[in-house]
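Here's a quick walk through one protein chain, written for someone who likes to know the cut-offs behind the words. Have the viewer open and follow along.

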Amino acid sequence: MDRILHCKRERCSSSNQVYKQTLTMILKGNWASLIMWLFHALIPCLLTDGVAALPAPQNLSVHSTNMKHLLTWSPVVLPKETVYYSVEYQGEYESLYTSDIWIPSKWCLCTEGPECDVTDDITATVPYSLRVRAILGSQTSAWSILEQPFNPNSTILTPPMIEVSQDGFHLVIELEDLGPQFQFLVAYWRREPDTKEHAKIVRRGGIPVHLETMEPGAPYCVKAQALVNAIGRNSAFSQTKCVEVQGEALPLVLALFAFIGFMLILVVVPLSVWKMGRLLQYSCCPMVVLPDTLKITNSPQKLISCRREEVDPCAMAMLSSGLGSCSLGKGPGCQELASWPTGHRTHEGEAVFLPFVDKGWEK
C-alpha cells in the first residue's frame with residue numbers, strides 16, 4: 001500500500017514538473033509573440049504621431065509639351081475612400097541653399113486626381129525638384145520625390161497648327177496660340193519654279209495675319225514653326241498648306257475702269273455745269289460796259305461854265321466821236337469850231353455831243 005502511494009506521488013511530481021516546463025515554454029512563446037505584435041503595431045504609430053500611415057504615391061514623372069508641364073503619379077487606392085494629394089517643389093536656389101524649404105504648388109494644395117499642372121510654378125529655365133504625398137482626413141503619407149530634377153529646357157516642341165485662307169486678294173494665316181513665350185517663323189512663297197521663299201516673324205498666335213497680296217490664278221503656300229527664345233529652341237515646320245485665287249482678272253479690270261469713270265464724272269460734270277452757266281449768262285443777260293470816252297466824270301454845269309480859252313478847239317474836234325474828220329475836209333474847220341458857243345466844246349479832253357445840223361457835214 002505504501003509502495004502504491006509512493007508511486008502515485010512520484011507520478012504526480014513528475015507530472016507537475018512536465019506541466020511547469022510546458023507552461024514556461026508557452027509563456028516564453030506568448031511573450032515573443034506579444035513583443036512582435038507591439039513592434040508592428042506601435043512603430044508606425046510613433047512614426048506618424050499616432051496615426052496609421054497611408055501608402056505614399058509612386059511612379060512620379062513629368063510630361064512636358066510646348067512649355068506645359070504636368071506632374072503625374074500612381075494613385076493611392078483605398079476601398080470606399082477618397083484620397084487627396086499635395087504637391088510641393090524646389091527651384092535651383094532652394095535646392096542648393098535652403099534644402100529644407102519646399103514651396104506648395106499654386107493649384108495642387110489638395111487635389112483629387114493623380115496629376116498636377118505645375119506650369120505656373122516652373123517659371124525659370126533651371127532644374128526643379130518635385131514631391132507629392134497622399135492625404136486622407138487627418139492622415140498623411142510620406143513624401144515621394146521625383147527621382148531626377150525636371151528642367152523645362154527638355155520640353156517637347158511640336159509644329160504649330162495653321163489655317164491658311166484668302167480675303168479677296170490677300171493671303172491670310174492664323175496660327176495656334178501656344179502661349180506668351182512663343183513666336184512663330186512663317187515661310188510663304190508663290191508655287192512656281194525658281195520662286196523665292198519669303199519669311200515673316202509673327203509675335204503671337206490666335207489672330208489673323210496678312211502675308212501678301214496674291215495674283216489671280218497663282219497658288220501660294222505657307223508653313224510655320226514655333227520659336228521659344230527663353231530656351232533657345234524651335235519646333236519643326238508644320239505641314240505645308242496652299243491656297244489659290246481663282247482667275248478674276250476681268251472683274252479687276254472692270255473695277256479699275258469703273259473707278260476711273262467715277263473720278264472723271266466727279267471732275268467733268270461740275271466743270272460742264274459751270275461752263276454752261278457762264279454761256280447762259282452771256283447769252284441772256286450780257287453786261288454792257290461803256291467805253292472810257294463816253295464816261296462823264298464831271299457835272300454838266302461845270303462843263304458848260306468852262307471858258308473858251310481853256311480848251312483847244314482842235315483837240316475838242318479830235319476827241320469827239322464823229323468829229324475826227326474835220327482834218328479831212330468833211331466837217332467844220334478848226335477856225336469855224338473856235339467860233340462856236342462854249343457849250344459845244346470839250347473840257348479837259350472829255351467829249352460833248354455837238355449838234356451838227358443843216359450844214360451838210362453832219363455825221
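First, a definition: a residue is called buried when its relative accessible area is under 20%, exposed when that area is over 50%, and partly exposed in between, using a 1.4 Å probe and protein chains only. Accessible areas themselves come from the Shrake-Rupley method with a 1.4 Å probe, and for residues only the protein chains shown count as cover.

What you're looking at is a predicted model, where local features need pLDDT of at least 70 and side-chain atom pairs count only at pLDDT 80 or more, while totals for chains, interfaces and linings use all residues. Residues are numbered from 1 along each chain as its sequence is written, and side-chain values use heavy atoms, with hydrogens and water left out.

**The chain overall**

Of the 363 residues in the chain, 27% are buried. The exposed area of the chain is about 24900 Å², with 60% of it supplied by carbon and sulfur atoms. Secondary structure comes to six helices and 16 strands; these are DSSP runs numbered from the N terminus, with helices being H or I over at least four residues and strands E over at least two. For contacts (heavy atoms within 4.5 Å), take the ones between residues at least 6 apart in sequence: 64% of them join residues at least 24 apart.

**The disulfides**

How many disulfides does the structure hold? There are two, a disulfide being a pair of cysteine sulfur atoms within 2.5 Å. If you number the bonded cysteines in sequence order, the pairing reads 1-2, 3-4.

Cysteine 108 is linked to cysteine 116, with 1.9 Å from S to S. The angle about that S-S bond is 105°, and the link of cysteine 108 and cysteine 116 is right-handed.

The other disulfide joins cysteine 221 and cysteine 242, again with the sulfur atoms 1.9 Å apart. Its S-S torsion is about 100°, so this disulfide of cysteine 221 and cysteine 242 is right-handed. Cysteine 221 sits in strand 14 (residues 219-228) and cysteine 242 in strand 16 (residues 241-244), so the pair ties together parts that are 21 residues apart in sequence.

Are the four cysteines buried or partly exposed? Here's the rundown:

| Cysteine | Relative accessible area | Class |
|---|---|---|
| Cysteine 108 | 3% | buried |
| Cysteine 116 | 1% | buried |
| Cysteine 221 | 2% | buried |
| Cysteine 242 | 37% | partly exposed |

**Sheet 1-2-5**

One open sheet has three strands in the order 1-2-5, paired antiparallel. Two strands count as paired if DSSP finds at least two bridges between them. At the edges are strand 1 (58-65) and strand 5 (115-117), each pairing on one side only. From one strand to the next, the twist averages 15°; the axes here are lines fitted to C-alpha atoms (for helices, over the stretch in contact), and angles run from 0 to 180 degrees between N-to-C directions.

Strand 2 (residues 68-74) pairs with strand 5 in the antiparallel sense over three bridges. Which residue of strand 5 is the bridge partner of leucine 71? That would be cysteine 116, which also takes part in the disulfide with cysteine 108.

**Sheet 9-10-13**

Another open sheet is built from three strands in the order 9-10-13, also with antiparallel pairing. Strand 9 (162-167) and strand 13 (208-213) have a single partner strand each, so one side of each is left without a neighbour in the sheet. Neighbouring strands are turned by 30° against each other on average, direction ignored. Strand 9 pairs antiparallel with strand 10 (residues 170-175) over six bridges, and the partner of aspartate 167 in strand 10 is histidine 170.

**Two buried spots**

Alanine 224 lies in strand 14 and is buried, at 0% relative accessible area. Leaving out residues up to four places away in sequence, alanine 224 touches Pro160, Ile162, Leu175, Leu185, Val186, Ala236, Phe237 and Ser238. Serine 235 is 11 residues from alanine 224 along the chain, and their C-alpha atoms are separated by 9.2 Å.

Serine 144 belongs to strand 8 (residues 144-145) and counts as buried at 10% relative accessibility. Its side chain reaches the backbone oxygen of proline 57 at 2.4 Å. With residues up to four places away in sequence not counted, the residues that serine 144 touches include Ala56, Pro57, Leu60 and Arg131.

Methods
Polar contact = N/O pair within 3.5 Å; in protein donor to acceptor, adjacent residues only side chain to side chain.
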